[in-house]
2 protein chains.
Amino acid sequence: MSTDTIRVVAPADFHVHLRQGSFSELVTKHVRKGGFTLAYVMPNLQPPIKSTEEALLYKAQLQAIDPSVEYLMTLYLSPELTPEEIRKAKAAGIVGVKSYPRGVTTNSEGGIESYETYYPVFEAMEQVDMVLNLHGEVPSDPATNTCVLNAEPTFLPHLRKLHARFPKLRIVLEHATTKAAVDCVKSLGDTVACTITAHHLALTVDDWAGQSFNFCKPVAKYPEDRKALQDVVKEGHPRFFLGSDSAPHPPSKKSTATPTQPCAAGVYTSPILLPLVAHLLESFDALDKLEPFVSTNGRAFYKQPIRMTLVENESGEVEERQDTVVLRRAKATVENQYVVRENSVVPFWAGKELEWELA
Amino acid sequence: MSTDTIRVVAPADFHVHLRQGSFSELVTKHVRKGGFTLAYVMPNLQPPIKSTEEALLYKAQLQAIDPSVEYLMTLYLSPELTPEEIRKAKAAGIVGVKSYPRGVTTNSEGGIESYETYYPVFEAMEQVDMVLNLHGEVPSDPATNTCVLNAEPTFLPHLRKLHARFPKLRIVLEHATTKAAVDCVKSLGDTVACTITAHHLALTVDDWAGQSFNFCKPVAKYPEDRKALQDVVKEGHPRFFLGSDSAPHPPSKKSTATPTQPCAAGVYTSPILLPLVAHLLESFDALDKLEPFVSTNGRAFYKQPIRMTLVENESGEVEERQDTVVLRRAKATVENQYVVRENSVVPFWAGKELEWELA
């Protein structure tokens, strides 16, 4: 490996929104375009994916759009979910269950309010070894000084409690944005991991103040929080890995905030993901942790071995090789917009220059 | 005074942006429309108002647009400003000097970086009894964890230092947004006052997250900060009073954030100001403090007596009366937009209902 090319084995995005309908056709193809061969797919569609059948149908739709990507499916935690359904889901290859607190982000109106009701479901998940994915924010409440800035730290006691009650249940705190979250996950056992997005390695609150394209939930926080995220990636901590939370919205929902309606929450990184992550990791001197961060750490936690592909070698023999992606150092400007028929989407850092591109 | 009408003597807005050119014609008329007869006018035009001559010319332009309002003029603190110019300004009736930290808000590119250089100017201001108006934020700096959320608390030591060095200089900390700022101003002497905007009595960070029409500098902070602002108004503290910081921008600069350019900072409250403040004060049970907050506190600090007007009484005699404005309880929907020829502006709370209107 020279300093001008980087080979990464089987990049895996452990948190991505692939939407539905014709919009899905646009964005699902961007997983591969961004250098990734595995997508851990969020279930917050309209209506949410709540059963094994729905998840399998959705998986088939995604495979029809791009069969070259491996899709790991999840269910939306809701009162309809039973221990029986968990066992059925596990048997069908579904990997995780996603919990959204009520009302805190896109399509979370049916989210949870308290975890105790779900203990039988979590027990079943622990038994069959499914993963619990937590959107770790509590809803805002002025009476308790809770707002988008402290919604994540305020959630952490729930994570501690769940882990104490279900120590063998694999739990992922999704898209951490605070030093408090990083410290909390570090302090917990090996069954608790944490995803970090690309954009939260780049943004602070100043970047989304008045700039709706950088607005997402959880919101980017203080500079010292961003530093904590960068530091844990640089440290190469095995329980921290990429989950892009790439969340596409039509430009009309991002760019025009009317006085009566806020813009949609979400930053879209899929089509530039691997070059962007390389660019960002290099900016804080952590490029040597690219492969653990975007591939091996997450695959180890999720027990997802690297896919082998059959290739013909130089001697003409067919052999098994690891699936790899190569980046080369080259300045490339991020597209202003991706358009397919009636759908379009604006990527993160539109018009900015990245230092790396896919070879 | 019944509970359905409120009479307020001579409402005074001690911080307002009246812009220039044809845009000024639209917004200057909104001072009176919002129930106010005194406007303390900010100098951050393009280029900024830096001399007595420029301030007097600007005042004449404003008087030509609406002669019924009293305009108190200010100069923009910059290296060009001399003690001689201060004495000249005072003699010409100019009331204050506004300090903007470099780059933190609209047209502040020429703002200050350190106060020591200006000590001779402050000495002259202290001698002639002019007011120093401080935009109390320091520029963001990731290296010191400084961002829009803590820019104001980080500024407060500068305020303390200035007050200690110039104890007789009247200083106003403008548009306070944090509990820290309220506590700081309370702890200082009688020569230090503080303005509070209408919108900061209403907003928290959640309201401008993804909603550019609620984005202004300083940004609205935590619920407990808003509570501290409400509490000091409710307490009727004499050194806290209204300065709307009403800051109009064309809708195109507010509504459409492109990926490469953030929207303009500013919330526009002028045309609904007095009804809005009454509505908000009533919401936290402080309606009895309306007159001190919007008139007498600020007039006392600024030494601006209430204007008397000659009116014919019921017996047909001409007598001198205090200038008053009457509000009546009546549901009124805030306009979606104000348009005059090529100019338009969207008010705060467009489309929402207020409980009070001007009689």
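## Exercises on a two-chain predicted model

Across the interface of chain A and chain B, the rule turns up zero salt bridges (a salt bridge being a side-chain nitrogen of Lys or Arg within 4 Å of a carboxyl oxygen of Asp or Glu). Before you dig in: this is a predicted model, where local features need pLDDT of at least 70, side-chain atom pairs count only at pLDDT 80 or more, and totals for chains, interfaces and linings use all residues. Residues are numbered from 1 along each chain as its sequence is written, chains are lettered from A and ligands numbered from 1 in the order in which they are written, and side-chain values use heavy atoms, with hydrogens and water left out.

### Exercise 1: the interface

Work out how many residues each chain brings to the contact, and what area the two chains bury between them.

Step 1. Start with contact, meaning heavy atoms within 4.5 Å. Chain A puts in 32 residues and chain B puts in 32 residues.

Step 2. Now the area. About 2700 Å² is buried between chain A and chain B, with 63% of it on carbon and sulfur atoms. Buried area here is the accessible area (1.4 Å probe) that two parts lose on being put together, summed over both.

Step 3. Look for polar pairs. Nine residue pairs are in polar contact between chain A and chain B, both residues at pLDDT 80 or more. A polar contact is a pair of N or O atoms within 3.5 Å; within protein, one must be able to donate a hydrogen and the other to accept it, and residues adjacent in sequence count only if both atoms are side-chain atoms.

Step 4. On the side of chain A that touches chain B, α7 (205-208) and α8 (223-235) of chain A each supply at least two residues. As for the labels, helices (H or I, at least four residues) and strands (E, at least two) are DSSP runs, numbered from the N terminus.

### Exercise 2: a helix with two sides

Take helix α2 (residues 52-65) of chain B and find which of its residues are buried and which are exposed.

Step 1. Check the geometry. α2(B) has 14 residues and reaches 20 Å from first C-alpha to last, close to the 20 Å expected at 1.5 Å a residue. The expected span is 1.5 Å times one less than the number of residues.

Step 2. Set the cut-offs: buried is under 20% relative accessible area, exposed is over 50%, and partly exposed is in between (1.4 Å probe, protein chains only). Thr52(B), Ala55(B), Tyr58(B), Leu62(B) and Ile65(B) come out buried.

Step 3. Down the axis of α2(B), these buried residues fall within an arc of 140°, so they line one face of the helix. The arc is that of the directions from the helix axis to the C-beta atoms. An α-helix has 3.6 residues a turn, so residues three or four places apart point the same way.

Step 4. Flip to the other side of α2(B), and Glu53(B), Leu57(B) and Ala64(B) are exposed. The cover over the buried residues includes α1 (21-33), β3 (38-41) and α3 (83-91) of chain B.

### Exercise 3: odd backbone spots

Where in the chains do Pro47(A), Pro218(B), His175(A) and Ala10(B) sit, and what is the backbone doing there?

Step 1. Cis bonds. Gln46(A) and Pro47(A) are joined by a cis peptide bond, omega about -5°, and Pro47(A) sits in the loop between β3 (38-41) and α2 (52-65) of chain A. Lys217(B) to Pro218(B) is also cis, omega near -5°, in the loop between α7 (205-208) and α8 (223-235) of chain B.

Step 2. Positive phi. His175(A), not a glycine, has phi near 40°. His175(A) lies between β8 (170-173) and α6 (179-187) of chain A, and is buried at 1% relative accessibility. Ala10(B) has phi of about 40°, lies in the loop between β1 (5-9) and β2 (12-16) of chain B, and is buried at 0%.

### Exercise 4: two salt bridges

Which parts of the structure do the salt bridges Lys179(A)–Asp183(A) and Lys303(B)–Asp129(B) link?

Step 1. Lys179(A) and Asp183(A) have their closest N and O atoms 3.0 Å apart. Both lie in helix α6 of chain A, four residues apart, about one turn.

Step 2. Lys303(B) meets Asp129(B) at 2.7 Å, N to O. Lys303(B) is in the loop between α11 (290-302) and β11 (308-312) of chain B, and Asp129(B) in the loop between α4 (119-128) and β7 (131-134) of chain B, so the pair ties together parts 174 residues apart in sequence.
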